[in-house]
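With the model open in your viewer, follow this route from one helix to the enclosed spaces of the protein, making each selection in turn.

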Amino acid sequence: MSVEGTIERARALVDAPLDRALEPWRLANPEGKVVGWFPVYSPLELAHAGGILPVGVMGGGNQIEIAHADSRFQSFVCSIVKSTLELGLTGRLKALDGMVFHSICDPAKNLASVVRRNFPELWVEFVHFPQNLTSPLAEDYLVAEYRRILDRLTDLTGRRVGDEDLRRSLAAYNASRARIRRLYEIRRESPQLLSATESYLLVRAGILMPPEEHAALLDEALDGLSGRDVKPKDRIRVVIEGSFCEQPPLELLQSIEEAGCDILDDDLLLGVRWFLRDVPIDGDPLRALARSYIDGSVHSSVKHDLRRTKAQPLLDKARGGRAHAVVVLAAKFCEPALFDYALYRKALDEAGIPHVFLEFEEKMWIFDKVRTEVETFVESMLFD
């Protein structure tokens, strides 16, 4: 199949309602359980090792009207929290047997309680990540937390998970993430071969299928990319930062690209690519998973690592990718991203890296203003 065909297959899966997207797996695993995971950092291996299909729940995007969820939250809350609840209130989460949330921010923590209260039939759990990664107890704490989640998943399925089950899952997700890293390498080395929009669809399809199937899908795409012959265009190389949780509309990414940007790197969909390198599969698998979060996971505004400044990972990403500029693309009302922008702006100014700030909501329909703003930014760099 051509790479275009593979990308369209990924797009069809991403655009499908959740129950339809999960239908093939449900038919093949009639007794199996499906658990949704709210972004950002999701230990999917724990569920996969128990025979559960972990799927990413990334809100409703721009395909859903918020009609009921507003009454459960205050006004100034990001879109993904409200649209995720709206999915449940309108029956769109019935394909799930449970959901897992994380301690990434106050709205995410509140969402877990609201979901539990509104859907008592749904299995709901919560991962507490260590807030002080410099503590020598952080690793032990996270191992204990992962073991607690594993026990709760056993309550859901009745299946006890052993170390070998976990190691197989670590290896499966390592294989999938290795292929995603290769996609990003291609974007940095030859961005004309793979747009950020295409890459996004290929990666996002992975939140809806087992890692083994996702690795096969990405192999198809990588094989197809080797046959593409596209000449580079006169564009600026940018890094996107700030969209680690709520996802921008696909049309917004297209608008930024069409305005003259090659998007070399980003912090989109961190849930399926949150480790910088493979998780070791020898030794204690839970400890390997915990240590990988502490020392080997991708930076975001909701990971608090006092061992380096907030802006340093962004500067490293921009310099490592030989980016000309940074686009800070933050969700409206996302406090972690908006707080960090002040730090990013100071560091980027001091480093002499041009940058532009854009704000988005899931439910955006008009992109002309953003496109014009980015075009002006690009022209100021190309013709200054």
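Begin by selecting Asp-284 and Leu-286 in this predicted model: at the start of α12, a side-chain oxygen of Asp-284 comes to within 3.0 Å of the backbone nitrogen of Leu-286. Next, extend the selection to the whole of α12, residues 285-296, a helix that is mostly covered, with nine of its 12 residues buried. Those buried residues are Pro-285, Leu-286, Ala-288, Leu-289, Ala-290, Ser-292, Tyr-293, Ile-294 and Gly-296. To see what covers them, display α4 (44-49), α7 (138-157) and α8, which are among the elements that do so.

Keep α8 (163-189) on screen and add α10 (211-225), since the tour now turns to the second largest cavity, to whose lining each of these two helices gives two or more residues. The greatest contribution comes from α8, with three residues. Select Leu-44, Tyr-173, Ser-176, Ile-180, Gly-206, Met-209, Pro-211, His-214 and Val-272 to show the lining, which encloses a space of about 50 Å³. Colouring this lining by class gives six nonpolar, three polar and no charged residues.

Finally, move to the largest cavity, which has a volume of about 140 Å³ and is one of three cavities of 30 Å³ or more in the structure. Of the 16 residues that line the largest cavity, select Leu-44, Gly-56, Ile-207, Gly-271 and Val-272, which lie nearest its centre. When the whole lining of the largest cavity is coloured by class, 12 residues are nonpolar and four are polar, while none is charged.

Methods. Residues are numbered from 1 along each chain as its sequence is written. This is a predicted model: local features need pLDDT of at least 70, side-chain atom pairs count only at pLDDT 80 or more; totals for chains, interfaces and linings use all residues. Side-chain values use heavy atoms; hydrogens and water are left out. On a 1 Å grid over the protein atoms alone, a cavity is a set of points where a 1.4 Å probe fits but cannot get out, and a pocket is an open set with protein on both sides within 12 Å along at least five of seven lines; lining residues have an atom within 4 Å of a point. Grid points are joined across faces, edges and corners, and a volume is the space filled by probe spheres set on the points. Ala, Val, Leu, Ile, Met, Phe, Trp, Tyr, Cys and Pro count as nonpolar, Asp, Glu, Lys and Arg as charged, and the others, Gly among them, as polar. Helices (H or I, at least four residues) and strands (E, at least two) are DSSP runs, numbered from the N terminus. Buried means under 20% relative accessible area, exposed over 50%, partly exposed in between (1.4 Å probe, protein chains only). Contact means heavy atoms within 4.5 Å. A polar contact is a pair of N or O atoms within 3.5 Å; within protein, one must be able to donate a hydrogen and the other to accept it, and residues adjacent in sequence count only if both atoms are side-chain atoms.
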